[in-house]
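Thank you for making the time this morning. I would like to walk through one model, beginning with its sheet and then turning to its core.

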Amino acid sequence: MRTCIGCRERGRRADLVRLIARGERVVVDERASAPGRGAWLHCRSACLEQAVRRRAIGRALRMQGPIDDHAVWTWFGAIERAEHRVE
Ligand SMILES: [Zn+2]
């Protein structure tokens with residue numbers, strides 16, 4: 001079980017994605033296998049929004065200063081578009 005840094009609820013690892021720091025950028029670690037510190041988030045943009053609002057990503061990843069989370073927003077946007085296509 002992992003705790004989502006957005007909604008703070010616990011979930012199965014399969015329902016969460018792992019975020020990692022790359023310098024000042026935050027990226028999705030799709031295989032959840034990169035070494036180092038990771039932060040877990042549900043695959044829902046609502047959880048990403050909550051995490052960003054609370055600055056939980058930088059805190060969880062021990063990042064200093066401003067963070068670039070553009071790649072994460074892009075990844076979540078692609079997931080949600082894919083889900084809508086299925087419906
Ligand atoms: Zn969540």
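**The sheet and the core**

What you see here is a predicted model, and I will start with the open sheet, in which three strands are arranged in the order S4-S3-S5 with antiparallel pairing. At the edges we have S4, which covers 25–29, and S5, each of them pairing on one side only, and from one strand to the next the twist averages 40°.

Looking at the two pairings in turn, S3 and S4 run antiparallel and are joined by five bridges, with Leu19 standing opposite Val28 in S4. On the other side, S3 pairs with S5, again in the antiparallel sense, over four bridges, and here the bridge partner of Leu16 is His42 in S5.

Let me stay with S5 for a moment. In a regular strand, side chains alternate between the two faces of the sheet. In S5, Ala39 and Leu41 point one way, while Trp40 and His42 point the other way, and all are buried.

That brings me to the largest nonpolar core, which has 16 residues, and within which Ile5, Leu19 and Leu41 have the most contacts. Two or more residues are contributed by each of strand S3 (16–22), strand S5 (39–42), helix H1 (45–53) and helix H3 (70–86), and the largest share, four residues, comes from S3.

Finally, which residues does Leu41 touch, if we leave aside those up to four places away in sequence? The list is Cys4, Ile5, Gly6, Leu16, Val17, Leu19, Cys47, Leu48 and Ala51.

How values were computed. Residues numbered from 1 in each chain as written. Predicted model: local features only at pLDDT ≥ 70, side-chain atom pairs only at ≥ 80, totals over all residues. Core = buried A, V, L, I, M, F, W, Y, C linked by C-beta atoms within 7 Å. Buried ≥ 20, exposed ≤ 12 C-beta atoms within 10 Å, placed from the backbone. Contact = placed C-beta atoms within 7 Å. Pairing = 2+ DSSP bridges. Axes fitted to C-alpha atoms, helices over the stretch in contact; angles between N-to-C directions.
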